[in-house]
Every structure is written in C-alpha cells, then in structure tokens.
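The following exercises invite the reader to work through a protein model step by step. Each task is followed by a worked solution.

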Amino acid sequence: GLPISSRAIASWMMLAMVGLVVVLQLVTNGAYRLLYFETETLTRNWPVLGPLLFMIALTLVGNLIYWSLKSPSFTRVLFSVGLIGGLFTWFLTRYYPHGFQKPFVMWQQVTLGEFVTLQLVCLGAWYQGTREFARFRAGTTAPSQTWFRVEQLWSNLISGSDTHGLLLPLSSRTALAKYHWRHTCQRAVVMGGVVLGLAVLLINVQSTITFDRHSPGINDFPELIESYFGMTLLFSWIASVFMAVLLMRGMHAAGRTSMNSFLAKAPLSDRILGATLTRNVVKTYVTVFLLFEVILLLTCLLLYLMHGREALQPDAHRFGWFRLWLNYTLVMLIGYWFFGANLISILWTGRTWFYWTMLALCAASFLFFVGVPMVSRELIGNYVFHHYLMLVLILFYSLLMLGGTAFAYRSAAKKVLITPRTVWTALVCWMLCTITAWVYLYPDRVDINRIAELIFLGAILSLLFAPFATIPLAISWNRHR
C-alpha cells in the first residue's frame with residue numbers, strides 16, 4: 001500500500017467530502033441571496049450556520065457508519081440506526097424548542113451548548129471513522145458470528161443450497177437441481193414472492209390503518225377481511241404469471257435461440273432432466289404460495305392488534321372464518337397453479353411462433369365460448385335452443401381439455417419422458433379432486449342430471465395436472481431443436 005498512514009488517508013477523504021458540502025451550501029445560499037431573495041428575508045427564513053454544522057456532523061457520521069459496517073454485526077447496525085435517529089431527532093428539536101406540539105421556529109441562533117455538542121460528535125465520528133478505515137485497510141474486518149450465521153441461513157433459504165454439505169459429493173441430478181434453483185428459481189421467488197408479497201402486505205396494512213366504520217366504502221370488519229383475501233388472491237395470480245416469465249428467462253440462452261447450455265448439455269436423460277426441472281417449478285410455486293398465506297396471516301394479526309377481538313368476531317349470517325379462508329385458498333391455489341404452470345409449459349418450448357399460436361387459440365376459444373351464446377340469444381331468442389347450445393359448447397370444450405390432457409400424457413409416456421407411475425398417480429389424483437370438488441360445490445345436488453357440469457368441472461381440474469406432462473414435453477422439444 002501507499003507509505004501513508006490510514007488515519008491521514010481517511011482524514012483527507014473526510015475533509016474533501018466536508019469541504020464539498022460546505023462549498024455547495026455556501027454557493028447555493030449565495031446564489032439565492034443574489035437572484036431571488038432579499039438579504040434580510042433569507043437571513044431570517046434560511047439560516048446558514050446551524051444547518052451547515054449539522055450537515056458536516058452528518059457527513060462524518062455517515063463515513064463512520066460506512067466503514068464500521070464493513071465488519072457487520074447486529075450491534076453495529078442497531079447503533080448506526082440509533083445514531084442517525086438521534087441526530088435527526090436532535091436536529092428537529094432545534095426547530096421545535098418548546099415541543100413538537102408548539103409552532104415551528106427557525107433555528108437562527110446557535111448556542112454554545114449546541115456548537116460544542118456538534119463539535120464533539122464530529123470529533124468522535126472522525127476518530128472512530130479513521131480507526132474503522134484502518135481496520136478495513138489492514139484486512140482485519142469480519143462479520144460477527146451471529147451475523148454470519150443469519151446470513152448463511154438466509155442464503156440457504158433463498159438459494160436452496162446447504163453450505164454445510166458443500167464438501168459432500170453430489171449426483172449429477174442433485175447438482176443440476178441446486179444450480180438451476182440458484183440460477184433461475186431464486187430470482188422468481190424473490191421477485192415474484194417477496195416483492196409482490198410485500199406489495200400486497202403494504203396495501204392491506206394501508207386498508208387497516210385507514211379503515212373507518214363511517215366511510216361510504218368498506219365500513220365493517222367482514223368486508224375489510226374479505227378485501228384482504230381478494231387482494232391477496234389477485235396478487236398471487238399476478239405473481240404466478242410474473243414468475244413464469246422469470247423462469248422462462250432462465251431456461252433460454254440470449255435471444256431464445258437455444259436452451260441454456262448448462263441444461264442442454266447436462267449428462268442426464270430427457271426424463272430425468274424434465275423431472276428435475278418440474279420438481280423445481282413445484283418447489284418454487286409452493287414456496288411463494290406459502291409466503292402469500294403467511295402475509296395474509298400477518299395482515300389478520302395486525303387487524304387484531306389494532307382493533308382488538310371485535311374485529312375478528314364473525315357475522316353468523318354471512319361470515320365464517322374457516323369457510324372464507326377455505327374458499328379463497330382453494331380458488332387462489334387453483335388459479336395460481338393453473339396460470340403459472342400451463343404458461344411455463346408454453347414458454348419453455350422456446351419457440352416464439354408457438355407462443356403466439358397458443359395465445360391466439362386461447363383468445364379465439366374464449367371469444368367463441370362467450371360470443372356464440374350471446375349472438376344466438378339475440379337472434380333466435382329460444383330458451384330451449386339456447387340451453388342445448390350451451391350444453392353442446394360445455395361438452396365440446398370439456399372434451400377438448402380432457403382430450404388435450406390425455407394426449408399430452410400419452411405423448412410424454414410414449415417418449416419415456418414420464419413413468420407409468422406418474423400417469424396413474426395423476427389419474428387417481430384427478431379423479432379424487434373432481435369428486436371432492438363436486439361434493440364440496442354441490443353437497444345437496446349430486447345427481448345424474450347434472451352430468452355436463454361434472455364433466456366440465458373435471459375438464460377444468462385436468463388442466464391442473466396437465467403440466468406434469470406438458471412441461472417435460474416442452475423441455476424435450478426445446479432441448480433437441
């Protein structure tokens with residue numbers, strides 16, 4: 001290093017920053033005096049000495065905090081937060097000398113005590129800042145044990161890696177799964193789950209804080225709680241689509257001309273590669289879904305803390321805690337996985353023309369399903385004809401969805417991308433889900449006359465299991481183009 005002491009280097013850096021602050025403050029104040037304000041008005045309403053001394057102290061304290069956090073610890077973080085908070089509190093009290101409830105007063109006179117206080121803060125920050133810089137220059141800075149353990153725990157949670165097992169040999173499949181998680185899935189969890197989760201938490205917190213029983217909008221607790229569930233459901237669906245896009249970016253090379261080389265050249269068969277990546281997709285979506293559930297719980301806990309037990313007393317006529325939670329959770333989970341997983345199976349093909357073809361088919365199918373009954377009702381007006389037309393459309397779309405899912409499983413099994421056990425497991429789970437959903441939705445109307453509704457419900461639920469065949473197909477198609 002340079003043959004100069006660390007204290008001299010740190011002192012000159014601090015002096016340069018303090019000098020820049022002083023020059024900018026004086027130049028700004030002088031320019032306003034010359035161009036905009038009268039001297040007396042500016043002197044009365046814009047004092048210079050007190051704020052300038054505070055900015056110098058704040059600059060030196062900022063240097064101290066910067067160099068001290070090169071060896072982070074929870075004690076240092078708390079001390080830094082407390083120091084900054086104390087400085088700004090002291091600064092605000094100069095403008096409210098008689099308390100914050102009293103009128104605002106300009107800080108025109110700097111007393112001897114205030115001057116000595118700021119100088120002591122500057123001296124202490126300079127001395128300790130030079131010591132921290134010397135430690136950093138000598139290479140002796142290191143995080144505390146507690147900080148290091150928490151940092152490792154957070155890294156393991158986000159990246160899916162285990163630092164305690166790094167020396168153990170890993171199979172090719174396990175190594176690829178861990179690398180794919182850190183390379184692709186980690187970003188999806190952070191951006192889709194943490195960021196959007198915090199967004200919905202802030203919205204729910206704002207709704208809780210601004211809640212008013214006398215407002216024309218949401219004015220009772222059941223409506224407020226239902227708004228929590230509705231907002232969480234909406235953001236979870238947005239997160240599912242957003243995560244699918246992020247997972248697509250990790251699948252392809254630049255320009256989507258090919259699959260990422262570490263996936264395409266992995267020493268694994270198509271079946272094992274597809275199963276590994278599909279398992280990571282499930283892990284990603286389950287993690288973010290549980291995060292949204294935790295955020296919903298935190299919101300209800302905040303409501304209880306702010307408004308007491310009265311806020312969580314259910315309305316016996318239209319509000320039941322378990323029923324509400326179960327309904328919204330099932331709808332949220334179905335839409336969340338439906339949109340995300342099926343979108344991944346399309347985006348992971350890596351073919352732009354296929355994206356637009358599927359988008360056009362979905363849009364045309366939706367418009368046909370909605371538009372044909374509306375046109376027939378306007379032109380013909382026959383209730384019986386309209387009823388049978390809707391029945392035909394429901395059965396037609398149901399057979400399309402069931403046939404497409406069956407074809408996907410048949411193709412994946414024929415190419416040995418999935419095992420027969422996967423096919424039978426998906427079939428049994430689909431039948432159980434269909435029967436359970438039918439009994440839950442129509443507990444008193446299970447009869448043979450509503451067979452069309454049962455078929456349509458089963459067709460919708462089949463699309464929840466289709467990704468376990470379509471995702472391996474998309475990966476294989478992308479890998480061998």
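**Exercise 1.** State in which helix Met 431 is found, and determine whether Met 431 is buried, exposed or partly exposed.

*Solution.* In this predicted model, Met 431 belongs to helix H14. Its relative accessible area is 43%. Buried means under 20% and exposed means over 50%, so Met 431, at 43%, is partly exposed. A further step concerns Gly 458: Met 431 and Gly 458 stand 27 residues apart in sequence, and their C-alpha atoms are 7.8 Å apart in space.

**Exercise 2.** Check the span of helix H14 against the value expected at 1.5 Å a residue, and then find which side of H14 its buried residues occupy.

*Solution.* Begin with the span. Helix H14 covers residues 420-441, which is 22 residues. The expected span is 1.5 Å times one less than the number of residues, and for H14 this gives 32 Å. The end C-alpha atoms of H14 are 32 Å apart, so the two values agree.

Next, take the buried residues. In H14 these are Ala 426, Thr 434, Ala 437 and Trp 438. Because they cover an arc of only 95 degrees around the axis, they lie on the same side of H14.

Finally, consider the face turned away from that buried side. The exposed residues Arg 421, Trp 424, Leu 432, Ile 435 and Thr 436 are carried there.

**Exercise 3.** Locate Ser 462, classify Ser 462 as buried or exposed, and list its contacts beyond four places in sequence.

*Solution.* Ser 462 has its place in helix H15, residues 451-465. Its relative accessibility is 4%, and therefore Ser 462 counts as buried. A polar atom of the Ser 462 side chain lies 2.5 Å from the backbone oxygen of Ala 459. When neighbours within four places are left aside, Ser 462 is in contact with Met 401, Leu 402, Thr 405 and Trp 430.

**Exercise 4.** Describe the surroundings of Asn 280 in the same manner.

*Solution.* Asn 280 is placed in helix H10. With a relative accessible area of 6%, Asn 280 is buried. Residues up to four places away are not counted in the next step: Asn 280 then touches Ala 177, His 180, Trp 181 and Cys 185. With His 180 there is also a polar contact of 3.0 Å between the two side chains.

**Exercise 5.** How many salt bridges does the structure hold, and which parts of the chain do Arg 94 and Glu 114, and Asp 270 and Arg 479, link?

*Solution.* The structure holds four salt bridges. One of them joins the side chains of Arg 94 and Glu 114, at 2.7 Å from N to O. This pair links distant parts of the chain, since Arg 94 is in helix H4 (residues 74-95) and Glu 114 in helix H5 (residues 112-138), 20 residues apart. Glu 114 counts as buried at 10% relative accessibility.

A further salt bridge is formed by Asp 270 and Arg 479, whose closest N and O atoms are 2.7 Å apart. Here helix H10 (residues 270-307) supplies Asp 270 and helix H16 (residues 467-479) supplies Arg 479, with the two positions 209 residues apart in sequence. Arg 479 has a relative accessibility of 13% and counts as buried.

**Exercise 6.** Examine the salt bridge between Glu 132 and Arg 135, and name the network to which these residues belong.

*Solution.* The two side chains meet at 3.1 Å, N to O. Both residues lie in helix H5, three residues apart, about one turn of the helix. In general, an α-helix has 3.6 residues a turn, so residues three or four places apart point the same way. The accessibilities follow: Glu 132 is buried at 4%, whereas Arg 135 is partly exposed at 30%. Through shared partners, salt bridges join Arg 76, Glu 132 and Arg 135 into one network.

**Exercise 7.** Identify the residues with the most contacts inside the largest nonpolar core, and the helix that gives the most to this core.

*Solution.* The largest nonpolar core has 57 residues, and those with the most contacts inside it are Leu 247, Tyr 285, Ile 344, Trp 348 and Ile 475. Helix H8 (residues 221-251) gives the most, with nine residues. Beyond four places in sequence, the contacts of Tyr 285 include Met 243, Leu 247, Trp 337 and Ile 344. A second, separate core has 20 residues, among them Met 14, Phe 54, Ile 65 and Ala 125.

Notes. Residues are numbered from 1 along each chain as its sequence is written. This is a predicted model: local features need pLDDT of at least 70, side-chain atom pairs count only at pLDDT 80 or more; totals for chains, interfaces and linings use all residues. Side-chain values use heavy atoms; hydrogens and water are left out. A nonpolar core is a set of buried Ala, Val, Leu, Ile, Met, Phe, Trp, Tyr and Cys residues joined through side-chain atoms within 4.5 Å. Buried means under 20% relative accessible area, exposed over 50%, partly exposed in between (1.4 Å probe, protein chains only). Contact means heavy atoms within 4.5 Å. The arc is that of the directions from the helix axis to the C-beta atoms. A polar contact is a pair of N or O atoms within 3.5 Å; within protein, one must be able to donate a hydrogen and the other to accept it, and residues adjacent in sequence count only if both atoms are side-chain atoms.
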